[in-house]
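Trainee: Could you take me through one part of this model slowly? I would like a close look at a single residue and then its surroundings.

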Amino acid sequence: MDGSISRHGAFPAAPYSARPPSPPTIVIPSPNLQNANEQLKVVPSYEMVDPASLSVDDLKIITQNFKEQLAQDSAANWTYESRRVAQPILDFLYLGPSSVARDQKWLRNTGITMLLAARDSQMANIRLMAVDRVAQELGIQAEYIDVSGYNELIRAFPSAVRTINNHMLNVFRGQRISNADVQVEGGKMVIPSEQFRRGKVLVFCETGNDRSAGVVVAYLMSVFGMSMIEACQFVHFKRFCVGMADDLRFVLKSYGEILSAQRTVHRHELDNIAHHDAIELVKTKKQKRGIEDTMDKDEDMEGTDAAPSLDQDRFLGRRTFVPFVDIKDNFPGHEGG
């Protein structure tokens, strides 16, 4: 027996640790693919999106009519220098280090229309992560997500996702309004493909592997309905050097649970509204009451005196466990010194 414990007159009934409790590590497994050349695929679906955040038409514009996105494992062709450039996670969303955000030639050739920096709030007043001058010279948009730690990211994710979506929609609608060659097909305005300029966003942080990677994962979860594991796998396939800390994974896991709850609640609200409208429509069409409307369908009131359900079922079948055992109860005559 441990002398330090027996002095208190008790000993542990099972092994334990004196350190503070901590959650288990979130493991990101390798995707279950048939062969090394198989790609990860994700197809946008409005059923997987929170209807309060985007309309179906908005999602069509952002994803180009629910275009399939593919990810090929980059591990085989990855080099150390690859971490210093940006990779296209989606066909309109790039992830990379801050040095790429200052490469005007690459930004111009790639067609980047917005720079989104995820930086430490302490660096907000330092020019190290500022890209306003580059954005002004190229005539593109620059936005910042300033957080002091991973815990603040969970509040910043919705704003970041909204910023990206609004930019994509504004680029599209701005062209539709300003383009003189816009055609009308089927009552809708169509931009000629040879003149269409799609919005493209570069998300970056110091390394391109930390906060910015978390923002991109959160975007995939929000707009493409991917789980945290699936989004991390997709990003890792595209940018092999991304390695998220446990704290960031826990934040993303919590964000996924929030997204799921919001999506369920808002879809339920829409269904209730649609159901209510349908009932009101039937009522307006129905002029006379039928005999069935006069009958009480809830006449059976038996069981109303039953005792309330107690919260005891979850304890059934559990073994009694006592974390510490008194020495005097198990070893008569032995007293802790």
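Trainee: Is Gln69 buried or exposed?

Mentor: Happy to help. First, this is a predicted model, where local features need pLDDT of at least 70 and side-chain atom pairs count only at pLDDT 80 or more, while totals for chains, interfaces and linings use all residues. Residues are numbered from 1 along each chain as its sequence is written, and side-chain values use heavy atoms, with hydrogens and water left out.

Gln69 is buried, at a relative accessible area of 4% (buried means under 20%, with a 1.4 Å probe and protein chains only). This residue belongs to strand E3, residues 69-71 (strands are DSSP runs of at least two E residues, numbered from the N terminus). Leaving aside residues up to four places away in sequence, Gln69 touches Leu40, Lys41, Val42, Leu90, Asp91, Phe224 and Phe234; contact here means heavy atoms within 4.5 Å. With Asp91 there is also a side-chain to side-chain polar contact at 3.1 Å (a pair of N or O atoms within 3.5 Å, where one must be able to donate a hydrogen and the other to accept it; residues adjacent in sequence count only if both atoms are side-chain atoms).

Now look at the sheet. Five strands make an open, mixed sheet in the order E4-E5-E10-E6-E7, pairing being at least two DSSP bridges between two strands. E4 (87-90) and E7 (141-147) are the edge strands, each with a single partner, so one side of each lacks a neighbour in the sheet. Within this sheet, E6 (residues 114-120) and E10 (residues 201-205) run parallel, joined by four bridges; Ala117 has Phe204 as its bridge partner in E10.

Technical notes. Buried means under 20% relative accessible area, exposed over 50%, partly exposed in between (1.4 Å probe, protein chains only).
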